[in-house]
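Here are a few short exercises to work through with the model open beside you. Try each task first, then follow the solution step by step.

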Amino acid sequence: MDKSVARPATARQRDLFMAFLRIGLLGFGGGPAMIPLVQQEVVKRHAWLDDEEFSDILAIANTLPGPIATKMPGYIGYRVGGVAGCINAVLAVILPTIVAMIALLGVFSRYRDVAWIQGMGQGVVPVVMVMMGQLAWDFLNKSQLALGWLVSLAMAAVAGVLIYWLGVHPGWVIGGILAAALLRPTPKREATP
């Protein structure tokens, strides 16, 4: 079956809500820290998407303006649950943050000088670093399988130079790669007699 016409997996609204609620509850560190959690829920746990579809959604979401923490749930929710799924997934992922912000800001403003309050945020940073490292390693392996080690490492090095040393926004880098892939000529297959 042609992949372009394959129907995505469908999700029950309750399952969709619970999956993104877990992401919202456990996604410490903001949108980028949620990406491995989204992958765990939608690819590994529920199989609503495969790794390639998830990678494509992540790449496109990174090129668009706005927070990735709502773009990905919105699109994935729409894809597997329609308009109701989109609304459901976005509400589920932002609800814990809204409740936590209201509660924690009240506590923080009252006890901001207490040492353990100041250390809370610092304690989460190493965990988020490991999660992002695992996601980067997974993408490097997928890239290696599709393009080979040399091309994968060369593209990573060029992207790193453009983003970190030259200050090019990651969206422009990803957009350039997508444009190059779209404009690349497709090799002609010789007809077999």
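**Exercise 1. Describe the span 145-165, then place it among the annotated regions and the fold.**

Step 1. Residues 145-165 are 95% helix and 0% strand, with end C-alpha atoms 28 Å apart. Helices here are DSSP runs of H or I with at least four residues, strands are E runs of at least two, and both are numbered from the N terminus.

Step 2. Before going on, note the ground rules: this is a predicted model, in which local features need pLDDT of at least 70 and side-chain atom pairs count only at pLDDT 80 or more, while totals for chains, interfaces and linings use all residues. Residues are numbered from 1 along each chain as its sequence is written, and side-chain values use heavy atoms, leaving out hydrogens and water.

Step 3. An unreviewed UniProt entry lists residues 16-38, 80-108, 114-133 and 145-165 as "transmembrane region"; such annotations may be inferred rather than shown by experiment.

Step 4. Take another of these spans: residues 80-108 are 100% helix and 0% strand, and their end C-alpha atoms lie 38 Å apart.

Step 5. The chain as a whole has seven helices and zero strands, and its C-alpha trace spans about 80 × 45 × 25 Å along the principal axes.

**Exercise 2. Find the helix that holds Gln144 and list what this residue touches.**

Step 1. Gln144 belongs to helix α5, residues 115-147.

Step 2. Leaving aside residues up to four places away in sequence, Gln144 touches Trp149 and Ser152, where contact means heavy atoms within 4.5 Å.

Step 3. For a distance check, compare Leu178: 34 residues from Gln144 along the chain, with 17 Å between the two C-alpha atoms.

**Exercise 3. Characterise the interface between domain 1 and domain 2.**

Step 1. Domain 1 covers 3-110 and domain 2 covers 120-183, with bounds from an automatic or database domain assignment. The contact takes 17 residues from domain 1 and twelve from domain 2.

Step 2. The C-alpha centres of the two domains are 20 Å apart.

Step 3. The domains bury about 1,100 Å² between them, 78% of it on carbon and sulfur atoms. Buried area is the accessible area (1.4 Å probe) that two parts lose on being put together, summed over both.

Step 4. One salt bridge is counted between the domains, the term meaning a side-chain nitrogen of Lys or Arg within 4 Å of a carboxyl oxygen of Asp or Glu. The side chains of Lys142 and Asp51 form a salt bridge at 3.5 Å, N to O.

Step 5. On the side of domain 1 that touches domain 2, α2 (31-45) and α3 (51-63) each supply at least two residues. The greatest share comes from α3, with eight residues.
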